[in-house]
Amino acid sequence: MAFRSLKATQLREFEATLSNSPKDPIALEGAAVTLAELGEYTRAASLLENLTKEKPNDPDVLRLLGEVKYKLKDYDGSANAYESSAKVSKYLSFEVLRGRVNALLAAQKPYEAVRFLVATREDLTKENSNAKADRSTEDSEIQKLDPIQVDLLLGKAYSDWGHISDAVSVYDRIISSHPEDFRGYLAKGIILKENGNNGDAERMFIQARFFAPENAKVLVDRYSRR
């Protein structure tokens, strides 16, 4: 109750500002964020749409719009907002990447999710290669993405699409290129178990648990016992 009361007070303050200055970007963003925190996503989305007109090149505003539209089950709108956020951002964050992929999958567009992830992976490989060749490149100019996270999302997209063998191939690639990273074994174990291959799945879970850091072993155990 204390949380909702505090947020309601904050919302009234933002709305008071907006009553006098309807285009005030700080009040628009503050009210939109507060409404989202209160679960009032329709009103939040309306304010964020207005805010994008005032701040069309703000990736965080577009990302938040993507989050809110996802909550409203407007998955196409969510994917478009995340795409716009990526276009105006200096680099593609994993949060935006994952948000767009999840929206495309929820919209039952796995092909688009796969195509987007494959292109992202190719760009990431090329950019990292160029960065190694050009030592003067600043870190801020390089996409801050973990290739393993991109591949894990790609495997999920293939799986949602029903292309199980392609998903397994992606996880095999992770295991081959990063044999001491537990995530490839865990992802492969999960998909094998989901498809009835319990024996091979158990072997993957054993490997995943061996390589997992202490704080991740409970995650492996949770999936292996399902």
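Gln-108 is exposed in this predicted model, with a relative accessible area of 71%. The residue sits in the loop that links helix H6 (94–106) to helix H7 (110–133). Its backbone is a bit unusual to look at: Gln-108 is not a glycine, yet its phi is positive, at about 60°. Lys-73 can be read alongside it. Here phi is near 65°, again a positive value in a residue other than glycine. Lys-73 belongs to the loop between helix H4 (59–71) and helix H5 (75–88), and at 61% relative accessibility Lys-73 counts as exposed too. Since the cut-off for exposed is over 50%, both Gln-108 at 71% and Lys-73 at 61% qualify.

Another loop residue goes the other way. Leu-92 is in the loop between H5 and H6, but with a relative accessibility of 10% Leu-92 counts as buried, because the limit for that label is under 20%. What separates the C-alpha atoms of Leu-92 and Leu-124? The two residues are 32 apart along the chain, and the gap between their C-alpha atoms is 9.9 Å.

Stepping back to the whole chain, the secondary structure amounts to 12 helices and 0 strands. Followed along the sequence, the pattern is simply α-α-α-α-α-α-α-α-α-α-α-α. The C-alpha trace spans about 65 × 50 × 35 Å along its principal axes. Of the 226 residues in the chain, 39% are buried. As for contacts with a separation of 6 or more, 47% of them come from residues 24 or more positions apart.

Next come the helix pairs. Two packed helices are described by the angle between their axes and the distance between the axes. At the start of the chain, helix H1 (residues 2–20) and helix H2 (residues 25–37) have axes that come within 9 Å and cross at roughly 150°. H1 and H2 are therefore roughly antiparallel to each other, and their crossing is left-handed. On the H1 side, the contact is built from Phe-3, Lys-7, Gln-10, Leu-11, Phe-14, Thr-17 and Leu-18. H2 brings Ile-26, Ala-27, Leu-28, Gly-30, Ala-31, Thr-34, Leu-35 and Glu-37. Sorted by type, the residues of this H1–H2 contact come out as 9 nonpolar, 4 polar and 2 charged.

Helix H3 (residues 41–54) packs against H4 at an angle of about 150°, with the axes 9 Å apart. That angle makes H3 roughly antiparallel to H4, since anything over 145 degrees gets that label. The crossing of H3 and H4 is left-handed. From H3, the contact draws on Tyr-41, Ala-44, Ala-45, Leu-48, Glu-49, Leu-51 and Thr-52. From H4 come Val-61, Leu-62, Leu-64, Leu-65, Val-68, Lys-69 and Lys-71. The tally for the H3–H4 contact is 10 nonpolar, 1 polar and 3 charged residues.

Further along the chain, helix H11 (residues 198–211) and helix H12 (residues 214–225) have axes that come within 9 Å and cross at roughly 170°. H11 is therefore roughly antiparallel to H12. Their crossing is left-handed. Phe-205, Ala-208, Arg-209 and Phe-210 make the contact from H11, while H12 supplies Lys-217, Val-220, Asp-221, Tyr-223 and Ser-224. The residues of the H11–H12 contact split into 5 nonpolar, 1 polar and 3 charged.

One lysine deserves its own look. Lys-188 is placed in helix H10 (residues 182–194). Is Lys-188 buried or exposed? Its relative accessible area is 14%, so Lys-188 counts as buried. What does the side chain of Lys-188 make a polar contact with? The partner is the side chain of Asp-172, at 2.7 Å. Leaving aside residues up to four places away in sequence, Lys-188 touches Val-168, Tyr-171, Asp-172, Ile-175 and Met-204. Asp-172 thus appears both in that list of touching residues and as the polar partner of the Lys-188 side chain.

Conventions: Residues numbered from 1 in each chain as written. Predicted model: local features only at pLDDT ≥ 70, side-chain atom pairs only at ≥ 80, totals over all residues. Heavy atoms only, no water. Axes fitted to C-alpha atoms, helices over the stretch in contact; angles between N-to-C directions. Helix = DSSP H or I, 4+ residues; strand = E, 2+ residues; numbered from the N terminus. Parallel < 35°, antiparallel > 145°, perpendicular 65-115°, else oblique. Left-handed = near helix turned anticlockwise from the far one by under 90°. Contact = heavy atoms within 4.5 Å. Nonpolar A, V, L, I, M, F, W, Y, C, P; charged D, E, K, R; others polar. Buried < 20%, exposed > 50% of the residue type's maximum accessible area, 1.4 Å probe, protein only. Polar contact = N/O pair within 3.5 Å; in protein donor to acceptor, adjacent residues only side chain to side chain.
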